[in-house]
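Student: Could you take me through the empty space in this protein, with a close look at one pocket and what lines it?

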Amino acid sequence: MSQEGAVILTNDDSTSCKRAAVQLGYWKDDFIKAVCPHAERRAPIIHRGYYARTVTFARVVEDFLKKSEGKGQVLSLGAGFDTLFWRLLQKGTPFRSFVEVDYAEVVQRKTEYIQSKRVLHDLWKPNQDRYHMLAQDIRKPTELLQKLTEKGVDFSAPTICISECVLVYLPPEDTRGLLQALASAFTEMFYLNYEQINPHDSFGKMMLRNLRTRGCALLGLEACPDLAAQKQRFLAAGFGQADALDMNGVYLRLEEDDRKRIERIEMLDEMEEWQLICAHYCISWAAKGPAVEAMQCRV
């Protein structure tokens with residue numbers, strides 16, 4: 001199987017895991033069933049990881065859009081079957097536009113879900129002018145920016161760009177070119193990224209081997225292996241501020257009451273294993289432009 005095909009399959013796997021976690025009550029998502037016919041229940045440690053990642057991304061995006069006072073735009077790279085667009089509409093979170101970018105096969109399948117599933121279609125239809133899906137290779141940022149222009153994206157408006165396990169699959173030079181192009185094109189941008197780190201210890205090496213057996217080479221991991229490198233990558237691309245936390249730090253920043261709630265859903269037998277896994281994933285974020293930097297959006 002090609003790298004592209006293997007990466008596409010990770011979308012199906014991720015969506016199935018999310019649906020299982022939602023069914024168990026980790027977080028609320030009234031739309032996940034529409035894009036995922038079957039849930040594959042995983043180990044509690046996996047459900048908890050998806051909870052920390054999904055809730056954090058939703059919180060930061062909502063915070064950014066509220067501070068943008070209706071002028072904010074969302075650019076989701078490698079969006080897959082994510083339902084954030086619908087969840088934002090359901091909550092009444094104000095935004096100007098929402099653009100998703102992915103492989104053509106993923107875009108086609110998601111389009112079919114939107115057209116055939118009433119729970120998606122009924123919210124999408126009155127808001128379709130604000131929602132766009134692009135089948136585009138993000139390794140070609142010039143083409144990406146041209147398509148964003150054609151869809152009416154305002155490069156001077158505050159924009160949050162999100163990516164989850166996307167940049168890590170790209171060769172370092174492609175990620176560098178993408179980030180530089182975005183930082184140059186957008187006057188005001190906030191970037192939120194989730195991916196693997198720490199490949200050199202025993203757990204990291206095992207993680208790499210497991211992904212390679214699935215055909216998913218983490219082409220960008222060696223060039224960005226730790227939190228310091230995560231921050232420097234954004235700064236070198238032209239962002240004015242950057243920071244990063246591993247998922248241990250991210251988890252502790254979640255609301256304490258909600259953490260206690262989900263910890264009662266499924267018990268973890270080995271806290272050391274949970275902390276070890278969390279040490280090998282991170283969320284990094286960066287801001288560019290005086291208005292966005294002044295927002296002080298943080299994980």
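Tutor: Start with helices H3 and H4, since each of them supplies at least two residues of the lining of the second largest pocket. This is a predicted model, by the way, so read everything here as computed. H3 gives the most to that lining, with six residues. The space in the second largest pocket comes to about 420 Å³, and 15 residues line it, the closest to its centre being Trp27, Val55, Ala58, Glu62 and Lys91. As for chemistry, the lining of this pocket splits into seven charged, six nonpolar and two polar residues.

Now for the enclosed space. The structure holds four cavities of 30 Å³ or more, and the largest cavity has a volume of about 70 Å³. H3 turns up here again: the largest share of the lining of the largest cavity, three residues, comes from this helix. Helix H4 (84–91) and strand E4 (159–164) join H3 (44–67) in each supplying at least two residues of that lining. If you want to find the spot on your screen, pick out Lys18, Thr54, Phe57, Ala58, Asp82, Leu84, Arg87, Ile162 and Glu164, which line the largest cavity. That lining divides into four charged, four nonpolar and one polar residue.

Ala58 is a handy landmark for both spaces: this residue is among the closest to the centre of the second largest pocket, and Ala58 also lines the largest cavity.

Notes. Residues numbered from 1 in each chain as written. Predicted model: local features only at pLDDT ≥ 70, side-chain atom pairs only at ≥ 80, totals over all residues. Heavy atoms only, no water. 1 Å grid on protein atoms, 1.4 Å probe; cavity = no way out; pocket = protein on both sides within 12 Å on 5 of 7 lines; lining within 4 Å. Points joined across faces, edges and corners; volume = space filled by probe spheres on them. Helix = DSSP H or I, 4+ residues; strand = E, 2+ residues; numbered from the N terminus. Nonpolar A, V, L, I, M, F, W, Y, C, P; charged D, E, K, R; others polar.
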